[in-house]
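Notebook open, viewer open. I wanted to see how the chains of this model meet, so here are my notes as I went.

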Amino acid sequence: MNTFIKTTLAAVAAATALAAAAQSEPGLTDKSIRIGMFSPLSGNSMAYGFDVVNAAKMYYDKVNKEGGIHGRKIDIVLEDDRCNANDLLAAVKKLTEQDKVFLLNGGSCSGPVVGAREYVEREKIPLVMLNASGDGALYPPSKYIYGAFSISQRAVGGSMVQFAAEHLKAKKIGYLNHDDAYGGWNLEAAEFQAKKVGATLQVQSINPNITDVTAPMLKIRAANPDVLLVTTYARPVSLLVKKAHELGWNKPIVIAVNGTADLKQLVENVGNKDAFKNVYLQEVMLDVPGGEQLKWVYDMYKQYYPDLAAKPGYPQTYMPYGIPSAMAVVNALKAAGPQPTREKFLDAMSKLNFDSKVMAGPIAFTPTDHAAQKAAIYLKFDGENKNRVPGSYASAWTYQPK
Amino acid sequence: MKKRFSLDHLALLVLLAVLCVLPFTVTGYVLYVVNLLMVFVVLALGMHVVIGEAGQFALSHTAFYGIGIYTAGLINTAWHPPFVVSILAGGLLSAVLGYVIGFLALRMRDIYLALATFAFGEAMQWVFLNWESVTNGSNGMRMQPAQLFGLTLTNDLQAYPFVIAIAALMLWVTVWLSRSQFGSALRAVRESDVAAMAMGINARAMKQAAFVISAAFAGIAGGMYTLFISFIHPESLGFQTTILILTMVVVGGIGSVRGAVAGAIAFGIISELLRQALSIQEILYGAILLGFMMFKPRGLFAGSKKRAAKAPATHARQGSAA
Amino acid sequence: MSFDEIWLFLQQGLLSGLVTGSVYALLALAIVAVFKTTDVPNFAQGEMLMMAGYVALSLLLLAHLPYAAVIPLTLAVMALGGALFQRVVMERVTGSRGVGVQLVIATLGLAYVLKGLVRQTGLGDTPRSLPSLFSSDTVLIGDAALTQLDIAIFVVAVVVMVLIYLMFTYTRIGKAMRAVGMNPRAAQIVGIRLSRIRMMVWALAGLISAIAALLITPKVLVTPDIAHIAILAYAAAIVGGFTSLPGAVVGGLLIGVVENMVGLFISTNAIVVAPFLAILVTLIVRPQGLLGGKVQVKKV
């Protein structure tokens, strides 16, 4: 009897110890790996995240159908971060502590996702952003954070200036950005690039909630630049393009990828096709949205979300950005081996370098640079058609640790 | 006066028991929600003092909350003192600013006081968003873990007992104030400036004091918040938050400490439960506000008119004795 | 900045300011009218403006009605809504012995409900525009550029303000509203039905919200954020004098011009805080505003 009890106890102890060891990584079981996703799924920023999440989810689903990663299926928990810092932090807390996910794959809004940096570092949980630029959390780099799968804001600014100087032959460049951190990031590289190409910048920084753009546009017109670069979000873009036309300013306008969330609505809001005689769009995918080389993504979307695809306005513009992020997570998990830990995963991430077949440039990380994508192409937009301008325009800015 | 074992005491004991058991049974996320509720309670108590006790409709509460957060956060990042110091500093700075604003605003009456304090609150949020060198502006500010003599608070579980303790302390202070002569004087001023002055109460000074105390409470609530939060963004430091606290106090019952606490917990829970369903949250808040104002405008725990009626008489007797 | 630039900015700031200011003036009129007649500062004015925009949008996009029908329907819906709110909610609050602060909180409740309803429809997720009845062709006045739409906005706003002035001064209803505002009990004794008059002034507020929304949204796009325009209307009402209707108009135009000037001469960033500073300065230095009478001390 004694022996029996002793043996049972020993067995239970061993089993518990084994179970504990096997599950010492949260979010991991023999058969599944739990990923916490968050993005704006509702509200006026949903165009930045709703379909991006759908794209990532469909990619994860495809991987699951093919057998998962080392026999583990990906299990997703999704939270709506409404594109603001407080909701994002609450979402991240819930995913990490309540749902106990293995890693976080979320964030479409740069400002808010940067706010999660301190928490992520305290909890030592990996964060792989979705499509946020998130420069503030990438420079200086953090061991736990990877991002800029769409493009870093630094690269946005630098590339725009390069395009203006090289293709549009501009010497005096008007620059409209936001007066927040986000705007500061793209401006920093824009100024760097301007110095490099010998051009001057005329900067007007505006509040993201601005309703009347008369003042900044008047000042731009008074400065009389050769080109106007706009790196604001979508709503101010409509107001600016409209006001430029009203003020009779018809030099080239280049709109950063930040502001192209809903082009159909942009055209409608501006209300005048003439306003688009000299407009260019920045694009960070390797082809025009809906173009030949991206067909596989849109076909996959139609297959997974037939109801959504039938609705007007879907898939949303940024949908394909979810793919490179999910690809990175999957590739790193595969490289982390059959007994992954968060440390092994992060180590694998720091060495990734692959062609996503979606983005204009490779997804490449180094131990000191956790921003994935830095290339952009440009399209001439007349309100209806997009025509690719040949060439790729790169930003020269690199991170210099202070 | 003998302390009777009332329903209030029972409720507090039950609450205390629950709070003690929680850390062993729930996740860190739930503890985060509880910590948040405690902050709401202190905010609501502060608003109770100025609106419930003194009857001054001040809408600048969140400004002082923000000052408390940034002050505590900055001091902690710069010097890492025991967090009690950072929190007290936040409360003190808020109190000082509360004095200044009170001095300017309390000359006005009712609607003008409300509008002036509202404008101040909004202007303060603009300062938080634009004073980049101090608050880091719209990038938000990172908070470092709070310290207390070698103990570092890095998550909600570790901050929990301290957050509860501070909230309990502030509750005790509120009740003590309410039951003191000061509280009676405040309520006398609330009922009628002129009558209070006729009894020798300096109405202006009382209102000023109430304003300062409520600002201090809000500042301390801000300090509490920094104990368990890793990042603050000024987005949440605007009029919306003031309205939320106002809702807690009004629906709980203007003039009632119980009401403020109950309102804080109820609305705090609703806001967290419905975080993912914002439109439902808004419609629900609106419906609750409309419903209460239409059918039970004095709130759940209607403030004790009896106490207010009794107090001036007592005070008068004591006043004449002095 | 060169003298030419300064002169250009002054002209543009003045003219653009008068255009947006005329809309602020309209909204300020609504706020002051409700306050004068019912003693309640309507904290839902911004949400009412937003609601009007989305009612128009829904009729246009979901009910597919022609714009010619959308305009009168929106006006009617908002006027009716305002009147109903007063009759069903506000009267009940006073009936339950609610006073000042409770009435204001009821308007806050309304604001929440309107916000939530609009959010629920999901229409606010993308900025949208209402069709413009006037072209955006530019008209040059001096050096400043205004669009035909801008001029139309100003003209219509002024016409509406004149009509409201005439109503308040010469019609029975207008006089009754003023009477109720000055002394409700006396007005009641004279035979004025308080309930009806209050409903009418709230209907007026709803109507004005709809007019303002239809005017301004082709210019600024329909988003849930247009509720913030009411803050400028509040600043206008305070600067002009919270109990003065002409003050609301003067205040509105002034705030519009100041907002534009601040944006042109200081920075676009400062535009956001300017109305709050205007409110604080006015209340500290001259609480009755420019045209308000002596500050009324409430009877104890």
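Entry 1. I started with a helix pair that spans two chains, keeping in mind that this is a predicted model. I looked up helix H13 of chain B, residues 278–295, against helix H3 of chain C, residues 67–95; their axes come within 6 Å and cross at roughly 55°. That crossing makes H13(B) and H3(C) oblique to each other, because an angle has to be under 35 degrees to count as roughly parallel and 65 to 115 to count as roughly perpendicular.

Entry 2. Which residues make this contact? On H13(B) I noted B:Leu290, B:Met293, B:Met294 and B:Phe295. H3(C) answers with C:Phe85, C:Val88, C:Val89, C:Arg92 and C:Val93. I sorted them by class and got eight nonpolar, no polar and one charged.

Entry 3. Next I turned to chain A and chain C. Here 30 residues of chain A are in contact with 31 residues of chain C. The two chains bury about 2,500 Å² between them, with 52% of it on carbon and sulfur atoms.

Entry 4. How many salt bridges cross the interface of chain A and chain C? The rule finds zero. For polar contacts between these chains, I wrote down eight residue pairs, both residues at pLDDT 80 or more.

Entry 5. I then checked which elements of chain A give two or more residues to the side touching chain C: strand S7 (200–206) and helices H9 (214–223), H10 (234–246) and H11 (263–270). H9(A) has the largest share, with seven residues. By class, that side of chain A has nine nonpolar, ten polar and eleven charged residues.

Definitions and conventions
Residues are numbered from 1 along each chain as its sequence is written. Chains are lettered from A and ligands numbered from 1 in the order in which they are written. This is a predicted model: local features need pLDDT of at least 70, side-chain atom pairs count only at pLDDT 80 or more; totals for chains, interfaces and linings use all residues. Side-chain values use heavy atoms; hydrogens and water are left out. Contact means heavy atoms within 4.5 Å. Buried area is the accessible area (1.4 Å probe) that two parts lose on being put together, summed over both. A salt bridge is a side-chain nitrogen of Lys or Arg within 4 Å of a carboxyl oxygen of Asp or Glu. A polar contact is a pair of N or O atoms within 3.5 Å; within protein, one must be able to donate a hydrogen and the other to accept it, and residues adjacent in sequence count only if both atoms are side-chain atoms. Helices (H or I, at least four residues) and strands (E, at least two) are DSSP runs, numbered from the N terminus. Ala, Val, Leu, Ile, Met, Phe, Trp, Tyr, Cys and Pro count as nonpolar, Asp, Glu, Lys and Arg as charged, and the others, Gly among them, as polar. Axes are lines fitted to C-alpha atoms, for helices over the stretch in contact, and angles run from 0 to 180 degrees between N-to-C directions. Angles under 35 degrees count as roughly parallel, over 145 as roughly antiparallel, 65 to 115 as roughly perpendicular and the rest as oblique.
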